[in-house]
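Welcome! Take a moment to turn the structure around on your screen before you read on. The notes after it will help you find your way.

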Amino acid sequence: MKSPISASPLKISLFVAILLAVLLFADVLFLRYIELKTYDLRLIARGEKTVGPETVVVAIDEKSLKELGRWPWSRTVMARLVSALKEQGAGVIGFDVVFAEREEDKALAVMEGFSSLLKREGIADPRLRKLMEESTEALKADSVFSRAIGEAGKVILGYLFHFSPGEIAHVSPEEIAQARKSIRSGRYESVQYRHPPGAHTLYEALAPVANLPELSARAAASGFFNAFPDRDGTIRYSPLVIRFNDDYYSSLAVNLVAAYLNWPGTELALDSFGVSGIKIGDIQIPTDHAGRMLVNYLGGKSVPHVSACDVISGRLPRDFFKDRIVLVGATAIGIYDLRVTPFSPVSPGVNIHATVVDNILRGNFLIRSPATVVLDYLTIFVFSLFLGLVIPRFKALGGALITLGVLGLYVPINFLVFAHFNLWLNLVYPTGALVLSYLGITIYSFFIEEREKRKIRHAFQHYLTSSVVSEILKDPAKLKLGGEKKVLSVLFSDIRGFTTLAEALGPEELVTLLNEYLTAMTEVVFKYDGLLDKYIGDAIMAVFGAPVDQKDHPWRACKVALEMKERLKVLQGKWKEEGRPSLEIGVGISSGEMVVGNMGSQMRFDYTVMGDQVNLASRLEGINKLYGTGIIVSEFTRQAVRDRFLFRELDLVRVKGKTEPVRIYELRGERPGATPEELDFVGRFEEALVCYRGGRWEEARRHFDYTLKAAAGDNPSRLYLERLERMKDLPETPWDGVFNLDVK
């Protein structure tokens, strides 16, 4: 775990969220392009589906061109096609082709020439003249096609709109007016203004490219088939409404569906932002404000095709087209009606219209609405703020795994929502929020941690070894203000007779001597990765087991105490040669539960330890003077390392302020190096203690006399002999063997 949550990571994540929200609102081209590509991939990953049985395409394909001749075909051929479709039961026929120019026919020209010859020769037989007029009219291909359209019934003619001034540069106002009349049947039947119309986002056309008036007059309706690709050239939206001269026109697909449903009525609702709704009867079509429907492509081969030549030649089953919507359009490569879709770079345009028709009939819409956009914004903020709250709690690897985990959940969920609920939720911006928030927080944390590490290293380099400082830097949270309970070992050392020494030496010499001593002792503490808690004048306080956990902290404390004594002997020899006074020290050690942490205020604090064991160690250091020893440890320390060091039990004492007595021990050295004589000495001394505590005074005196002689003036033995001498004159009282230590 790392440091608690700070405001800065949250600020970074909030900044990322706001930045991405602004970019989403601005619809940045590059990011939109990436999102569109992920949309295409989702469509492809969803797999191939097919349109319903209601829709079929009659293709002007290579096979038909080979059999019926090159394009454009004569209107008589188109008339044969319409008649064949009607005979085979087609419900609605739509043309993804515009018939804007009249057809010139050589047979018609011959007949008209013959009629002129009759006039010049003065042949005025009314029957002959009528026959000639009827024959001439019958030979007009456009008229033949017009009659076929009228007889077929529900035929919807497609047309185009021009949007560029250059495209209508040579079109007269009269021609535009005539074309407008030809497309009147393609207007929305009902237009509702929920608010006064403002600057619409609809497509605004300049002029239509309409079918011939006689064709439009016989058709059930007309509908535009303009297609507007996205900036990457792919068609993903189909416009269902275009504005021209304050009128609103419906698309070929809309009118095909309306005709198929027996004209339930088409409604267009507008507000100040643009299109707010499009309905065909009870079918509500979701669009954007520009009146565009998102095409729910079903696959590259989702639309069934039949060749036009097979229809005309009657090679299909009689009721093949019964009650179906038939779209006639070009699929041959040479005709150039090919579009780029998410499934194919060369998809026939008529397939797009057929797919739109199927989407509307089945209500199979892909939804990209204001509600989903709001959800996108919400996801951006949730992801960013989530990482802002969570990432600071973990290390870099943990944060990366969490980010990847959220990303790994969101991407498949996003796809499942797309595939099963037809909702297009943004993928780029939420994943961008995850990645950018993680990177921002990680980079911030890196620089902040580096700054904190410099501060920690500077603060602790004089108190800890570099290896311990490095361990702390891995988890700076341990240095927060406050403490925690831990089992540690604490060591106090002090110079004996320092006040007398200070009076004997000059200030500069005293400081030099003291610095040399403290440097040597500190090196020993650092050697065993101890924490130099503080210098208290000439005293040293060291802690083992914190801030870095050390399971063997009692052993480290004891090793430091022994090596302090050894280093002091070396210094004493050096000082003696230099003519300086010698120093003696006392060391006290205790182990147990204590509070460790940063104590102080927010402005200034120290990393230290507090507790009964700390106080006990300090008092043990002081009572070395009473027992004439060098190192005293508590029973808690001795119990942890009894097999590794040689101890001599000194006493059972009750320190001031405490009711429970504590056994104290003298640390004499490491057990593996102890001689038989030393082991015998310690054993005889502890036998003496047993006699002493049992009230067997004479027996105790004999043992203490032995240890006093064996150790050449052993100070603890002398102390007990003095106690025994005093106690023989005292009246008999209950005896618990505990010595009350009244000094601190």
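Here is a short tour, from the whole chain down to single residues.

Please keep in mind that this is a predicted model. The chain holds 744 residues, and 48% of them count as buried. Its secondary structure adds up to 25 helices and 27 strands.

**The chain as a whole**

- The chain exposes about 36,300 Å², and carbon and sulfur atoms supply 57% of that area.
- Take the contacts between residues at least 6 apart in sequence: 76% of them join residues at least 24 apart.

**Strand S3 and its partners**

- Strand S3 spans residues 155-162 and is mostly covered, with six of its eight residues buried.
- Strand S2 (residues 92-95) pairs with S3 in the parallel sense, over three bridges. In this pair, Gly94 stands opposite Ile156 of S3.
- S3 also pairs with S7 in the parallel sense, here over four bridges. To find this pairing, look for Tyr159, whose bridge partner in S7 is Phe224.
- With S6, S3 runs antiparallel, and three bridges join the two strands. Phe161 has Pro208 in S6 as its bridge partner.

**Helix H8, a helix with two sides**

- Which residues of helix H8 (residues 173-182) are buried? They are Ile176, Ala179 and Ser182.
- These buried residues lie on the same side of H8, because they cover an arc of only 115° around the axis.
- Pro173, Glu174 and Lys181 are exposed on the other side of H8.
- What do the buried residues of H8 pack against? Their packing partners are S6, H9, strand S7 (221-224) and S9.

**Asn211, a buried residue in a loop**

- Asn211 sits in the loop between strand S6 (207-209) and helix H9 (213-218).
- Is Asn211 buried or exposed? Its relative accessible area is 3%, so Asn211 is buried.
- A polar atom of the Asn211 side chain lies 2.7 Å from the backbone nitrogen of Phe99.
- The Asn211 side chain also reaches the backbone oxygen of Gly158, at 2.9 Å.
- Leaving aside neighbours within four places in sequence, the residues in contact with Asn211 include Val97, Val98, Leu157, Tyr159 and Ser182. You have already met Ser182 as one of the buried residues of H8.

**An open sheet of four strands**

- One open sheet has four strands in the order S4-S11-S12-S13, with mixed pairing.
- Strand S4 (190-193) and strand S13 (283-285) stand at the edges of this sheet; each has a single partner strand, so one side of each is left without a neighbour in the sheet.
- Neighbouring strands of this sheet are turned by 20° against each other on average, direction ignored.
- S4 and S11 run parallel and are joined by four bridges. Tyr193 stands opposite Leu270 in S11.

**Thr266, a buried residue in strand S11**

- Where is Thr266 found? Look in strand S11, which covers residues 266-271.
- Thr266 counts as buried because its relative accessibility is 3%, and the cut-off for buried is under 20%.
- The side chain of Thr266 reaches the backbone nitrogen of Glu189 at 3.3 Å.
- Leaving aside neighbours within four places in sequence, Thr266 is in contact with residues including Arg187, Tyr188, Ser190, Val254 and Ile280.

**An open sheet of three strands**

- Another open sheet has three strands, in the order S5-S9-S10, again with mixed pairing.
- Its edge strands are strand S5 (203-204) and strand S10 (247-250), and each of them pairs on one side only.
- How many bridges join strand S9 (residues 241-244) to S10? There are four, and the two strands run antiparallel.
- Within this pairing, Val241 has Ser250 in S10 as its bridge partner.

Notes:
Residues are numbered from 1 along each chain as its sequence is written. This is a predicted model: local features need pLDDT of at least 70, side-chain atom pairs count only at pLDDT 80 or more; totals for chains, interfaces and linings use all residues. Side-chain values use heavy atoms; hydrogens and water are left out. Buried means under 20% relative accessible area, exposed over 50%, partly exposed in between (1.4 Å probe, protein chains only). A polar contact is a pair of N or O atoms within 3.5 Å; within protein, one must be able to donate a hydrogen and the other to accept it, and residues adjacent in sequence count only if both atoms are side-chain atoms. Contact means heavy atoms within 4.5 Å. Two strands pair if DSSP finds at least two bridges between them. Accessible areas come from the Shrake-Rupley method with a 1.4 Å probe; for residues, only the protein chains shown count as cover. The arc is that of the directions from the helix axis to the C-beta atoms. Axes are lines fitted to C-alpha atoms, for helices over the stretch in contact, and angles run from 0 to 180 degrees between N-to-C directions.
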